[in-house]
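Hi,

Here is the structure I promised to pass on. Have a look at it first, and my notes follow underneath.

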Amino acid sequence: MSMTLAAAGTAVPAARERHPEVFAAAARRKRRFQIALLVLAAYLAWSCWLFEITPARVFGGLDKMAVVLRQMLVWKDMASWDYAGIFEGLAQTLAMAFLGTLVAALVAVPLGFLGARNVNGVKLLRWPVRRLFDLLRGIDTLVWALVFVRAVGLGPLAGVLAIMTSDTGTLGKLYAEAVENVDRKPMEGVRATGANAFQELRFGALPQVLPVFLSQALYFFESNTRSATVLGVVGAGGIGLQLSDRIRVQYWDQACFIIVLILLTVAIIDLLSRKIRERFIGAPGT
Amino acid sequence: MLTLDNLTKSFQGVRAVDGVSLSFEPGQMVGVIGASGAGKSTMLRLVNRLSDPTGGRIVCQGLEVSALRGRALMAWRARCAMIFQQFNLVGRLDVLTNVLLGRLNKHGFATSMLGRFSDAERTMALEALDHLGLAQTALQRADTLSGGQQQRVAIAKALLQEPEILLADEPIASLDPRNAQTVMEALRRINREQGITVLCNLHTLDTARAYCDRIVGMRQGRVVFDGPAAALSDRQAREIYGVAFDEAFHEAMTSTSLAPAVERAPALAPAA
Ligand SMILES: Nc1ncnc2c1ncn2[C@@H]1O[C@H](COP(=O)(O)OP(=O)(O)OP(=O)(O)O)[C@@H](O)[C@H]1O
Ligand SMILES: [Mg+2]
């Protein structure tokens, strides 16, 4: 049955004659691949022309990047840095993220129940709640921040409101889905004792969804610390403002210090939230 | 006295419970038997109004149960406790809290939302658990217990309702024989010692005969037998179960005794 490759080589013409369709298919696949490569190359060339990407600019940019990088790594006059301003900014950003997430998570709990099909059977009441979630989360936090900076002025309040608004939408939607996935049996077990609808949700449903609620809120706090940094750039204050100020005047060493601080903070929050999640999901709650 | 009068429940044309009329004296222990789909669960769920009848009436000491709504309906459910085949505990809550859920009907909005139960209630819960041999598990999460233990927690919860009637929907169908015996004995003790009427759906005839004063046999939604356990003849049992008779009649119908039937199947493939 088996044949060596050398033997197969001599048998090619015979095989081609007997199974032309097999060889034709291979050739077709090869041609299609070549066309795809050509299209890709043409697209890249067109993009370069459109955005005026020239080798000179790319390599010139790389040169400047190298300069920036070197300046980032060499920290000068560290004694004169405004540490108070930097750490205050960091604290502000953390507070912004925390408060915004906390309020969003609290508001999202009742809304999540209202938006869940198995709790709110009235489609006419559920629909506006669901659309509200879509509206709030459909607009990016950054856009909300720009709106709130107009409304309440520059500063962290605009950031808190922005985070709160968009996360109420996202958390509300996630919470509603968690509620829709609860096991019905414990709820029936509670109802059978003569409990009312609120007690049934409180004891039959909430213990099932609470760990999910908590872990999602913690995850959002973590990611909001990052987005709150960006919010600072558009006027919500905090560490983002400190960072953008230093980049504007090309204090690359201080900018690098701030970036390292942000990375550290996010890593610490990540660690803490993982610990808290493990603790709460594993333990009995009431 | 609890009376079902021509009680009917239809699901899109299927009459799951079909004109059932029965009376239960306080303090009786009644076993409801019947093949799968006979309407046993549906009947029990109608009695504590987890499900609404489509016809007929339920009356308890002059109270028209089938017409209750709102608070009065919840108060009725509290008087008429129910335990389930799958226990229906809240797995993430500890055992003690699960038992305390039996008190919810007596609580207002604020105390129940905060989960505040009184020390007197906690003592009551501990006594109920102790009675069922589970006091040492009080602070354990309910989903860490075995099936038999969970069912006894469900019974303790039911006892905290201080019910007049205890409904049990196949309380032992998910348990091994030893746990099943413990649970059935607990139910009978409650019935004897506290005078609580027990209405118990059972899959197997021998369990009903061993523990119940009275047996109600159902078939296709109708009552086809009602009398003391001793009066149930083989012929009548055959009528209740129909073709499923052999399955239900034989002693110790457990999952293990099904095993030979499964093992026989590969014999269809001829050994070449
Ligand atoms: N929610 C429902 N919707 C539609 N049909 C239902 C519903 N609940 C029960 N039925 C039907 O009613 C009939 C009686 O069901 P029921 O669960 O009361 O039987 P059972 O005697 O408890 O059976 P088993 O021993 O299998 O638990 C069955 O034909 C079932 O399909
Ligand atoms: Mg059933």
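Let's start where the two chains meet: 21 residues from chain A and 28 residues from chain B take part in the contact, where two residues count as touching if their C-beta atoms, placed from the backbone, lie within 7 Å. Both H9 and H10 of chain A give at least two residues to the side that touches chain B, and H10(A) has the largest share, with 7 residues. Split by class, that side of chain A holds 8 nonpolar, 9 polar and 4 charged residues. For the classes, Ala, Val, Leu, Ile, Met, Phe, Trp, Tyr, Cys and Pro are nonpolar, Asp, Glu, Lys and Arg are charged, and the others, Gly among them, are polar.

Before going further, a word on the source: this is a predicted model, local features need pLDDT of at least 70, side-chain atom pairs count only at pLDDT 80 or more, and totals for chains, interfaces and linings use all residues. Residues are numbered from 1 along each chain as its sequence is written, while chains are lettered from A and ligands numbered from 1 in the order in which they are written. Helices (H or I, at least four residues) and strands (E, at least two) are DSSP runs, numbered from the N terminus.

Now for those two helices. In chain A, H9 covers residues 184-191 and H10 covers residues 197-236; their axes come within 9 Å and cross at roughly 155 degrees. The axes are lines fitted to C-alpha atoms, for helices over the stretch in contact, with angles from 0 to 180 degrees between N-to-C directions. H9(A) and H10(A) are therefore roughly antiparallel (angles over 145 degrees get that label, under 35 is roughly parallel, 65 to 115 roughly perpendicular and the rest oblique). Which residues meet? From H9(A) you have A:Pro186, A:Met187, A:Gly189, A:Val190 and A:Arg191, and from H10(A) A:Gln199, A:Glu200, A:Phe203, A:Gly204, A:Ala205 and A:Gln208. That contact has 5 nonpolar, 4 polar and 2 charged residues.

H10 of chain A is also home to A:Tyr219. Buried, exposed or in between? A:Tyr219 is partly exposed because it has 17 C-beta neighbours inside 10 Å; 20 or more would make a residue buried, and 12 or fewer exposed, again with C-beta atoms placed from the backbone.

As for chain B, it has 11 helices and 10 strands, and 45% of its 272 residues are buried.

Cheers
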